Amino acid sequence: MSDDLQSLRQRIDELDEQLQALITERARLAEEVARTKQAEGEEVFYRAEREAEVLRGVMQRNQGPLSNEEMARLFREIMSACLALERIMNIAFLGPEGTFTQAAALKHFGHSVQTLPLGTIGDVFREVESGNASYGVVPVENSTEGVINHTLDEFMSSSLSICGEVELRIHHHLLSKNPDIRNIHKVYSHRQSLAQCRKWLDMHLSQVQQIDVSSNAEAARLASTDPESAAIAGESAADIYALGYLAKNIEDHPENTTRFLVVGKRETPLSGNDKTSMLVYTRNRPGALYTMLAPFAKHNISMSRIESRPSHQGMWNYAFFIDIEGHIDSDNVRQAIDELEQTASMVKILGSYPRAVL
């Protein structure tokens, strides 16, 4: 071994010791924070706005060679481990194990949480409402397939607030126990994933039966029991069900991204870079949509999304789901909402929360 290489490795060992000592000190401070909160009677341990501020600072200070995303991911895991010293959170998600929703939950909260797989989006809402889960994570829209209507509909009756959002780049892989794609006679996957991989399937497996199942994780489970089948799923499902890769990244659109929402009982204070989601019911009259949107333009507020859904309050009556830039506690947003409430039938603020950091 050369002297230069030996010197570099020795320097790395020294830095590792320093890093470990600093992480240990941070963990001890986290324990002190927990004791202080308990002494003051504060029951809130997870602060979404605080974590968003920390991660933005990490990315702004980063000078490489690690990417901003990779550096922030490392700090997310440190914060997750330190928070677990205060309290291990239970995070409900749309299951089963191995879904992209679970991956989104772990991306947002880190791996030092307990994840609870549930069968439906409604179950996730109810588990958080009952207090059995600290927070829930549900999909809300996909960049190629559009909105998840079941999630939007749950907000009509739920008392939960949106506490955060997660954006997850979706990579689909063809997984199987069989190492030879020529032996595959059927492919399991969720209908959205089948649609997102349509061109690849038509080109490579046009004669193979496509079977729609409840989730990609369920597809992976089924493929693990049948050597003549394959599943379209993600890396987590491949690991859980011990499947090999027949093909990677088979999605038709490489930029395919799904947005997830974090729901909980607590409203989130200002973080400095926030979004607000709301549900607006309007009267059925000419110019209603224009009147509804006018306060946002007047107060220079950017609207990032608007979707309509049946209001369930009468035939042909609709509610609008709207996302805007800014926090409800900001003066311009509060003024716009006050004006909107004067013309709309009802305005329900679903939550103000930090924009996705990673």
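Which residue in β10 does Leu-174 stand opposite? In this predicted model, the residue is Ala-247. Leu-174 also has a bridge partner in β9, namely Ile-232.

These pairings belong to an open sheet of five strands. The strand order is β8-β7-β9-β6-β10, and the pairing is mixed. The edges are taken by β8 (209–212) and β10 (244–247). Each edge strand has a single partner, so one side of each lacks a neighbour in the sheet. On average, neighbouring strands are turned by 35 degrees against each other, direction ignored.

Strand β6 spans residues 173–176. Its pairing with β10 is antiparallel and comprises three bridges. β6 and β9 also run antiparallel, again joined by three bridges. The pairing of β7 with β9 is parallel. Three bridges join these two strands, and Val-187 has Ala-230 in β9 as its bridge partner.

Strand β9 (229–233) is mostly covered, with five of its five residues buried. Ser-229, Ala-231 and Ala-233 point one way from the strand. Ala-230 and Ile-232 point the other way. The buried residues thus include both Ala-230, the bridge partner of Val-187, and Ile-232, the bridge partner of Leu-174.

Helix α9 (residues 216–224) lies across three strands of the sheet: β6, β7 (186–189) and β9. The helix runs at about 160 degrees to β9.

Note on methods. Residues are numbered from 1 along each chain as its sequence is written. This is a predicted model: local features need pLDDT of at least 70, side-chain atom pairs count only at pLDDT 80 or more; totals for chains, interfaces and linings use all residues. Side-chain values use heavy atoms; hydrogens and water are left out. Two strands pair if DSSP finds at least two bridges between them. Helices (H or I, at least four residues) and strands (E, at least two) are DSSP runs, numbered from the N terminus. Axes are lines fitted to C-alpha atoms, for helices over the stretch in contact, and angles run from 0 to 180 degrees between N-to-C directions. Contact means heavy atoms within 4.5 Å. Buried means under 20% relative accessible area, exposed over 50%, partly exposed in between (1.4 Å probe, protein chains only).
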